[in-house]
Amino acid sequence: MKPARLALLALALSLPTILASQATIGTGPAPGSPMGIAAWGTGDLATPSYGQTFRAPAGNTRLDVISFWLEGGSSLTFRAYVYAWDTANRRASGSALFTSAIGAAPGGSGYQRLDVTTGGVALAANTTYVAFLSTSGIAQPTGGIGWEISYDEYGDGSLVWLNNPDDASRWTSAEWSTGWDGSGGDLRFEMAFNQSAVIPEPSTYALMATGLVGLAGIARRRRRA
């Protein structure tokens with residue numbers, strides 16, 4: 001391959017990492033006093049699985065952090081999941097794209113932010129997914145806590161929930177409920193994408209430098225000619 005083409009190829013390979021941008025989607029706090037839904041947890045009066053559907057933004061498709069706001073002060077434990085979302089049938093679809101280790105609800109009083117780091121889940125742009133927390137299959141005391149909901153409308157998804165006791169197969173076979181008491185709304189949530197992509201790795205800098213040096217050398221030779 002000619003030197004000019006090699007230099008251009010090196011630049012082309014380095015640009016996607018350099019140009020990748022961070023992005024967040026989500027909702028703000030509920031106006032006035034926080035509004036919540038309950039109960040999330042185990043037992044006859046609690047719902048095991050709550051989450052939010054969302055659309056991966058174009059150009060920012062690596063989901064790094066999932067955040068929800070939960071009522072503190074409970075020993076409730078759970079796992080976090082990400083699935084593709086079947087919008088027509090209102091259910092999770094396929095196999096889990098992400099499953100967390102067992103985590104604990106945040107302590108303290110009032111609603112507390114809970115961050116779940118995914119390690120980078122590759123999603124498809126402009127495609128709908130569901131991120132949710134579930135107590136299914138995790139032994140713990142009977143009881144429940146609440147989630148903060150937001151009326152800062154998120155147009156590309158909604159709050160979803162499912163009474164599936166300890167049957168995880170129902171995530172993909174049963175229709176989930178949306179909204180809350182017919183009032184609509186979304187969970188207070190945040191999804192963070194491409195959080196480390198804006199800092200190129202050393203190999204990217206080296207690749208870019210190779211391309212720039214190659215182009216500079218070609219330009220000098222052309223001037224001499």
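What percentage of the 225 residues of the protein chain count as buried? I looked this up before anything else, and the share is 43%. I note at the outset that the model is predicted.

**Entry 1. The chain as a whole**

I recorded three helices and 14 strands for the protein chain. I then looked up the contacts between residues at least 6 apart in sequence, and 84% of them join residues at least 24 apart.

For confidence, I noted a mean pLDDT of 81, with 76% of the residues reaching 70 or more. Residues 6-19 have a pLDDT below 50. In the model this stretch has 21 contacts beyond near neighbours in sequence. I leave those contacts aside, because predicted coordinates should not be read in detail where pLDDT is low.

**Entry 2. The aromatic rings**

I looked up the aromatic pairs, and the count comes to 15. One of them joins Tyr 81 and Trp 171, whose ring centres are 4.6 Å apart. Their planes stand at 55°, and a pair counts as edge-to-face only over 60 degrees, so this pair is tilted. I placed Tyr 81 in strand S5 (residues 77-86) and Trp 171 in helix H2 (residues 170-173). The pair therefore ties together parts that are 90 residues apart in sequence. I found both Tyr 81 and Trp 171 to be buried.

Trp 171 also forms an aromatic pair with Phe 132. Here the centres are 5.0 Å apart, and with 70° between the planes the pair is edge-to-face. Phe 132 lies in strand S9 (residues 128-134), and this pair too links distant parts of the chain, 39 residues apart. Phe 132 is buried, as is Trp 171.

I also looked up an aromatic cluster, and its members are Trp 40, Tyr 50, Phe 68, Phe 78, Trp 147 and Trp 161. At another ring, that of Trp 69, I found the charged end of Arg 188 sitting over it, 4.1 Å from the ring centre.

**Entry 3. Strand S11**

Trp 161 of the cluster led me to strand S11 (residues 159-162). Which way do the side chains of this strand point? Leu 159 and Trp 161 point one way, while Val 160 and Leu 162 point the other way. I noted that all of these residues are buried.

I then looked up the partners of S11. Strand S3 (residues 49-55) runs antiparallel to S11 and is joined to it by four bridges. Within this pairing, Tyr 50 has Trp 161 as its bridge partner; both residues also belong to the aromatic cluster. Strand S12 (residues 177-178) pairs with S11 over two bridges, again in the antiparallel sense. In S12, Ser 177 is the bridge partner of Trp 161.

**Entry 4. Ser 134**

Is Ser 134, in strand S9, buried or exposed? Its relative accessibility is 0%, so Ser 134 counts as buried. I found a polar contact of 2.8 Å between its side chain and the side chain of Ser 49. Leaving aside neighbours within four places in sequence, I listed the contacts of Ser 134 as Trp 40, Pro 48, Ser 49, Phe 78, Arg 79, Tyr 81 and Trp 171. Two of these names, Tyr 81 and Trp 171, I had already met as the tilted pair.

**Entry 5. Ala 96**

I placed Ala 96 in strand S6 (residues 91-99). Its relative accessible area is 34%, so I entered Ala 96 as partly exposed. Beyond its neighbours within four places in sequence, Ala 96 is in contact with Val 82 and Tyr 83. I also looked up the separation of the C-alpha atoms of Ala 96 and Ala 84, which is 7.9 Å for residues 12 apart along the chain.

**Entry 6. Two residues with positive phi**

I noted that Arg 90 has a positive phi of about 50° although it is not a glycine. Arg 90 is placed in the loop between S5 and S6, and a relative accessible area of 31% makes it partly exposed.

Asn 126, likewise a residue other than glycine, has a positive phi near 60°. I found Asn 126 in the loop between strand S8 (111-122) and S9. Its relative accessibility is 51%; exposed means over 50%, so Asn 126 counts as exposed.

Key
Residues numbered from 1 in each chain as written. Predicted model: local features only at pLDDT ≥ 70, side-chain atom pairs only at ≥ 80, totals over all residues. Heavy atoms only, no water. Buried < 20%, exposed > 50% of the residue type's maximum accessible area, 1.4 Å probe, protein only. Contact = heavy atoms within 4.5 Å. Phe/Tyr/Trp six-rings, centres within 6.5 Å; stacked < 30°, edge-to-face > 60°. Lys NZ or Arg CZ within 6 Å of the ring centre and 35° of its normal. pLDDT = per-residue confidence, 0-100. Pairing = 2+ DSSP bridges. Polar contact = N/O pair within 3.5 Å; in protein donor to acceptor, adjacent residues only side chain to side chain.
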